[in-house]
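Dear colleague,

I am handing over the structure we spoke about, with the sequence alongside. Please look through it first, and then read the notes below, which go from the sheet to single residues and end with the parts to treat with care.

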Amino acid sequence: MTTNQLATRSLLPNIADFFNSFPSVDLLRSNGHLIKVEEEFADGKYVVRAELPGIDPDKDVNVTIRNGTLTINAKREQRETRDGYSEFSYGEFTRSLTLPQGFVEDEVKAGYRDGILTVSVPVAEEKAEGKQVKIETE
C-alpha cells in the first residue's frame with residue numbers, strides 16, 4: 001500500500017461513517033440491520049473486522065466480492081421464548097464496503113473468532129517509479 005493510496009482512502013471513511021450511521025431505505029424496507037465494522041491497512045492488506053456476536057459463521061454468514069465491493073450478509077434467528085426482555089437484533093444483517101484499488105480477489109481470506117468476522121484482502125503494491133513514455137516525432 002503506497003502513501004498515495006492510504007492518503008486517498010483516509011479522507012473518505014469519516015464521511016462514509018457519518019452516512020453509514022443512518023439506515024438505508026433498503027434496510028428499512030427489508031427489516032435489515034447494519035453490521036458494525038472497523039477497517040485498517042496492515043502488512044499490505046486491507047483488513048475488515050465485523051461485529052457478529054451470537055451468529056453461526058458456518059451457516060449464517062456469507063461474504064462475497066463483486067465489482068470491487070465486499071459484502072457481508074448474516075442472519076440471526078429469533079428464539080421462540082416470550083418470557084423475557086431482549087435488546088438483541090434479529091433478522092438479516094448486511095454491510096458493503098468498497099475495496100481499495102489493486103486488491104487481489106483470489107487471495108481474500110475470512111475467519112471468525114469470539115463474535116468477530118475478520119476479512120483480509122491483500123493489496124498489490126503500486127510501483128513508485130512509474131513508466132517512462134517514449135515521445136515519437138514526425
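Two strands are taken to pair when DSSP finds at least two bridges between them. With that in mind, the model, which is a predicted one, contains an open sheet of four strands in the order β1-β6-β5-β4, and the pairing within this sheet is mixed. The edges of the sheet are formed by β1 (33–34) and β4, each of which pairs on one side only. Between strand β5 (residues 69–76) and strand β6 (residues 91–98) there are eight bridges, and these two strands run antiparallel; one of the bridge pairs consists of Arg 76 and its partner in β6, Gly 91.

For the chain as a whole, there are four helices and eight strands, and along the sequence they follow the pattern α-α-α-β-β-β-α-β-β-β-β-β. Of the 138 residues in the chain, 25% are buried, while the accessible surface comes to about 10700 Å², with 49% of that area belonging to carbon and sulfur atoms. If one takes the contacts between residues at least 6 apart in sequence, 52% of them join residues that are at least 24 apart.

Asn 62 is a useful residue from which to look at the edge strand β4, since this residue is found in that strand, which spans residues 61–66. Is Asn 62 buried, partly exposed or exposed? Its relative accessibility is 40%, and because the partly exposed class runs between 20% and 50%, Asn 62 counts as partly exposed. Apart from neighbours within four places in sequence, Asn 62 is in contact with Thr 71, Ile 72 and Asn 73. Thr 94 is 32 residues away from Asn 62 in sequence, yet the two C-alpha atoms are 9.5 Å apart in space.

Asp 60 has its place in helix α4 (residues 57–60). This residue is buried yet has no salt bridge, and the nearest side chain of opposite charge, that of Lys 75, is 4.4 Å away; a salt bridge would need the charged atoms within 4 Å, which is why this pair is not counted as one. Leaving aside neighbours within four places in sequence, the contacts of Asp 60 are with Ile 55, Asn 73, Ala 74 and Lys 75.

Two loop residues deserve a look at their backbone angles. Most residues other than glycine have a negative phi. Asn 67, in the loop between β4 and β5, has a positive phi of about 50° although it is not a glycine, and Asn 67 is exposed, with a relative accessible area of 76%. Asp 114, in the loop between β7 (109–113) and β8, likewise is not a glycine and has a positive phi, of about 55°; Asp 114 is exposed too, at 71% relative accessible area.

Finally, a word on confidence. The mean pLDDT of the chain is 80, and 73% of the residues reach 70 or more. Among the elements, strand β8 (residues 116–122) has the highest mean pLDDT, at 97, and helix α3 (residues 25–30) the lowest, at 42. The pLDDT is below 50 over residues 1–8, a stretch that has 10 contacts in the model beyond near neighbours in sequence, and also below 50 over residues 24–31, where there are six such contacts. Where pLDDT is low, the predicted coordinates should not be read in detail.

With best wishes

Definitions and conventions:
Residues numbered from 1 in each chain as written. Heavy atoms only, no water. Buried < 20%, exposed > 50% of the residue type's maximum accessible area, 1.4 Å probe, protein only. Contact = heavy atoms within 4.5 Å. Areas by Shrake-Rupley, 256 points an atom, 1.4 Å probe, with all protein chains shown as cover. pLDDT = per-residue confidence, 0-100. Lys, Arg positive; Asp, Glu negative; His and termini not counted.
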